[in-house]
Amino acid sequence: MKKKIAVLACGWAQYFLYDFLQGVEKIAKENNADVYIFNCYDYVEFSGYPNATGFSIYRLINYEEYDGIIILSDLIKNPRVLEMERQRILKSGKPAVSINLKLKDISCMRIDNYTGFYELVTHLIKEHNARNLFYIDGNETSLDFAERRKAFRMALQDNQIELNRENIFTVEHSSFNYGYNAASEIFSSDRKLPDAIVCANDLIALGVLKAAAERNIKIPEQLKIAGYDGNYFAKNVIPAISTVNDNAFKIGTESAKRVLTGFTEVQDFKIKSMPIYQGSCGCESKIITDQKLFSLKFLSEISQSENFAAQLNQIEEIFTDAADVFTLLTNLELFFSKSHAFEGSDFCIFLKADWASVLINSEENLPQNLSYGNQVQAITSIQNNVKYPREIIKTKDLIPSKMHSDECNTFLFIPIFNHSYVHGYFVCKNSLSMISNYHGHQWTRTFGACIERFRKKNMYKQMSQQFLRLSTRDALSGMLNRVGMEKLAKPFYQQNKHNGLTTVLFFVDINSMKTINDKFGHLHGDLAVKTIAQAVLQVVPRNWLCIRYGGDEFLVVGNSKNYNGEDYCKMITQMVLKKSSTMHLPYNLSASVGTLSVPANSPLSLEEAIEKVDEIMYEQKQMFHKTHH
């Protein structure tokens, strides 16, 4: 029987994570094990609110079902989440390893950041006679960065070089742009050009290289540069950046070996980092690089990024253009069955069982909900590049049965959410493309935001329809008002003509309305209006338009599609009589009704047709007055 490893990750450290997971996969295959990776991204929203909703993906894990657990604690960095998962892991009793951050009562495997970085700085001093060294540090608070800071200080101290505080630059983010800005400040000042600039990571070092190139500073003749990470780009620029390999792959293999052996004794391990001396410090490269193909690979990655952006744009368009939930799901399935280069050949998009009601939820903002529920439905299921039906599975099963196979597999889970509401998750098999860069973060945020925009669009549509009903409805009679006639009756009349249908009009007028108001008061007048209106609404077909045309006048607009010559004039007057006979009114309530049929080819406008049917009704009213006076 195959074993199972659960890996808890946060995908921001893409280079480390990708190499690490490849190491885990290698050992898993050698030991007949599947790897389940639960990956997320925490971030700060535009409002400044730190969003940790993605960590809810760990709630899918039932630790008792796994043979070993690896938690990349240093990447997760959220104390509350780490403590909650630590307790759950310990309760399961399963072998576990924490990566790069010590968790109480759980074994820890760490990169020895210090040794490799110390050796690199010492190499600059001893082999290349660098005495005036600058350091550009990241603002991160992780143990990794702390060890690199310490290694830089100790290398200078051990080589009798005084540490000049003015030579230490701390940037807000350890990124290319911040490294470039820091280097630009160094080069633009009155300071003497350093012998070497040591950087907390390779991205900062690449920024320094760019700033130096813009000023024609020769590397390594005039300035030496060093970084950390073994970044692919750092290896393949010219000159290649001297750096430190963090041995992420080996950490992956060693941690997987330990959890699969079934040990439970708490131990701490360190994997030594290795310096790589390359062109930026004046050494020949000691690793085989593919610099000749670097430009082509770089162009390929640009093209891939453009294609991925186009993929996200198309997903957004599908959500924007869909008029209803059925159309949305149909179009998503159709799209992903044809286009899934980034999602992989085997993947599912699962939404919670109540997804349909959520998509039409009319609340302005969904309440916080971090649960995935007991069941999820695959709104898109692609297996071996073939579309499968939308099946419902138990959430604890995680994947449909057809995704399982006898081979060793890697399953990657990424949450789908917006703000603090979890909608579901994405899972793919044997593809790490979503975490080899930031595609996973962009994909899940786009999908979650699209769900919310679709929901808001439906909410506004409902509100618009409600507003239309309120603005076109007469409160007293329950019929349409004159605004409703303009917005609905006129288009209905024109549509009848377009479809070759005869329009049927009925005009109803309450008899002796002035007498009722004058003699019995307006409350009785209102009662008369409501009674006649109810009689009309009960008699005529439901899909006909009933309008309170005036104070005591009502207009009915129908068509020949569901009209078989019924004598609605007589039926309305009989219904009025039936209703009023049980109301014990101090007056006789009745109405005069006229009718007119307008053929589709008639040149009459609706207003002209109303005038004619009004005249016909008036004749009936005259007859009423003659017989009742």
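Glu30 and Lys26 both sit in helix H1 (residues 14–30), four residues apart, which is about one turn of the helix, where helices (H or I, at least four residues) and strands (E, at least two) are DSSP runs numbered from the N terminus. The model is predicted, and local features therefore need pLDDT of at least 70, side-chain atom pairs count only at pLDDT 80 or more, and totals for chains, interfaces and linings use all residues. Residues are numbered from 1 along each chain as its sequence is written, and side-chain values use heavy atoms, with hydrogens and water left out. The points below cover salt bridges, a helix pair, cysteines, backbone geometry and one strand residue.

**Salt bridges**

- A search of the whole structure finds 24 salt bridges, a salt bridge being a side-chain nitrogen of Lys or Arg within 4 Å of a carboxyl oxygen of Asp or Glu.
- In helix H1, Glu30 forms a salt bridge with Lys26, and the closest N and O atoms are 2.7 Å apart.
- Of these two residues, Glu30 counts as exposed at 52% relative accessibility, whereas Lys26 is partly exposed, with a relative accessible area of 39%; buried means under 20% relative accessible area, exposed over 50%, and partly exposed in between (1.4 Å probe, protein chains only).
- Helix H13 (residues 439–472) holds both Lys456 and Glu452, four residues apart, about one turn of the helix, and their side chains meet in a salt bridge at 3.6 Å, N to O.
- Both partners in H13 are buried, Lys456 at 19% relative accessibility and Glu452 with a relative accessible area of 10%.
- In helix H15 (residues 513–520), Asp518 and Lys514 lie four residues apart, about one turn of the helix, and they form a salt bridge whose closest N and O atoms are 2.7 Å apart.
- Asp518 counts as exposed at 55% relative accessibility, and Lys514 likewise counts as exposed, at 61%.
- Elsewhere, Lys210, Glu214 and Arg215 are joined into one network by salt bridges that share partners.

**Packing of helices H4 and H5**

- Helix H4 (residues 113–128) packs with helix H5 (residues 143–158) at an angle of about 35°, their axes being 8 Å apart; the axes are lines fitted to C-alpha atoms, for helices over the stretch in contact, and angles run from 0 to 180 degrees between N-to-C directions.
- The crossing of H4 past H5 is right-handed, meaning that the near helix is turned clockwise from the far one by less than a right angle, while an anticlockwise turn would be left-handed.
- On the H4 side the contact includes Asn113, Tyr114, Phe117 and Tyr118, and on the H5 side it includes Asp144, Glu147, Arg148 and Lys150, with contact meaning heavy atoms within 4.5 Å.
- By class, the contact of H4 with H5 has ten nonpolar, two polar and five charged residues, where Ala, Val, Leu, Ile, Met, Phe, Trp, Tyr, Cys and Pro count as nonpolar, Asp, Glu, Lys and Arg as charged, and the others, Gly among them, as polar.

**Cysteines**

- The structure holds zero disulfides, a disulfide being a pair of cysteine sulfur atoms within 2.5 Å.
- For Cys40, the closest cysteine sulfur is in Cys10, 4.6 Å away and too far for a bond, and Cys40 counts as buried at 1% relative accessibility.
- For Cys199, the closest cysteine sulfur is in Cys281, 13 Å away and also too far for a bond, and Cys199 is buried, with a relative accessible area of 0%.

**Backbone geometry**

- Ile219 and Pro220 are joined by a cis peptide bond with omega of about 10°, and Pro220 is found in the loop between helix H7 (202–214) and strand E11 (224–226).
- A cis peptide bond also joins Ile238 and Pro239, with omega of about -5°, and Pro239 is found in the loop between helix H8 (232–236) and strand E12 (243–245).
- Asp229, in the loop between E11 and H8, has phi near 135°, a positive value in a residue other than glycine, and counts as partly exposed at 27% relative accessibility.
- Asn247, in the loop between E12 and helix H9 (248–260), has phi near 60°, a positive value in a residue other than glycine, and is buried, with a relative accessible area of 17%.

**A strand residue**

- Val44 lies in strand E3 (residues 43–44) and counts as exposed at 55% relative accessibility.
- Not counting residues up to four places away in sequence, Val44 touches Tyr49 and Pro50.
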